[in-house]
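Colleague: I am new to this one. Please show me how to read its sheets.
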Amino acid sequence: MIMRVFYYITLITIAILQVSCEMSKEIDYDTIYGGDKIVIHGYISPQNGVRVFVKKTVPPNAVNSDDRISLATVSLFENGNMVETLVTVDGYIFTSSPSFKPKYGANYLVEVVVDGMLKAITNAQNIFTPVSIDSTKLMTQELTNYANISVFFKHENLFGESYYVKAFPYLNGELDTLEFGSTFFHFANITNNISVGVNEISLGVGQISQFDSLQVRLYTLSPDLGEFLKSYNRYDLSRDDPFYEQIYPVFTNIRGGYGLFASYSYTTKTIHK
């Protein structure tokens, strides 16, 4: 009886292996790729000047290929006139000179030229006067000692700006190792449902014992930056969900290429416990 059971198990195992081999098949398929395009991702602000990443697209079946661009000329235009040639030290990051200061109310765009590739030009970005922080309120949960900061400001809806809040914790005069919101701009933290008049944005800032003061920044974002963060949030929610009707594309404002060039400015307020 034992030998017969062993015999049946062996036959079943062989049958499963044969079926699995028949169900596995290697196929060739053509990928859609329109050729190398320039990719730009960066920002301009009165506080930090210009900083952009420049690289190129790679084929979907060769994602580990080198995306670096050789001998790119990256130019900055102010109100239609070229004012700076951005410089790089690593071939990826291009920055403005330390003496360059963007002007409030002016429009700026970046142009990237590479031999043998289509020229890439960004949408023009206005430098907005940052919205001021009217007041703040620090609150602590009784049981957990975790704190939240509320930031109050007035929105006038002049250009369709969006807003973003960061809080940097300090302990004994030094920036704490736990820096809240360390990602430069995270799509999940974009503030929606802003109304004309006084608004409030709340942000969790960790345990109250981890800091003795907070530096709070209220960022005024250009409409393109706000749209990019919102579109990336929709894309992130839809890309792995089989019940979404479509995958939402990520917003880009680069003609002749892909990516984002956007502006921001901010005001700062320091809070002591």
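Modeller: Start with one pair: strand β12, residues 162-171, and β13 run antiparallel and are joined over two bridges. Strands are DSSP runs of E with at least two residues, helices are runs of H or I with at least four, and both are numbered from the N terminus. Two strands pair if DSSP finds at least two bridges between them.

Colleague: What is the bridge partner of Tyr 170 in β13?

Modeller: Leu 175. Keep in mind that this is a predicted model, where local features need pLDDT of at least 70, side-chain atom pairs count only at pLDDT 80 or more, and totals for chains, interfaces and linings use all residues. Residues are numbered from 1 along each chain as its sequence is written, and side-chain values use heavy atoms, without hydrogens and water.

Colleague: What is the strand order in the open sheet of eight strands?

Modeller: The order is β5-β6-β2-β1-β17-β15-β12-β13, and the pairing is mixed. At the edges lie β5 (87-88) and β13 (174-175), each paired on one side only.

Colleague: Which strands does helix α2 touch?

Modeller: Contact means heavy atoms within 4.5 Å. Helix α2 (residues 223-238) packs on this sheet and touches β1, β12, β15 and β17. Its direction makes about 100° with that of β17. Axes are lines fitted to C-alpha atoms, for helices over the stretch in contact; angles between N-to-C directions run from 0 to 180 degrees.

Colleague: How is the open sheet of three strands ordered?

Modeller: As β10-β11-β14, with antiparallel pairing. Its edge strands are β10 (133-140) and β14 (197-207). Neighbouring strands here are turned by 20° against each other on average, direction ignored.

Colleague: How many bridges join β10 to β11?

Modeller: Seven. In one of the pairings, Ser 135 has Phe 152 in β11 as its bridge partner.
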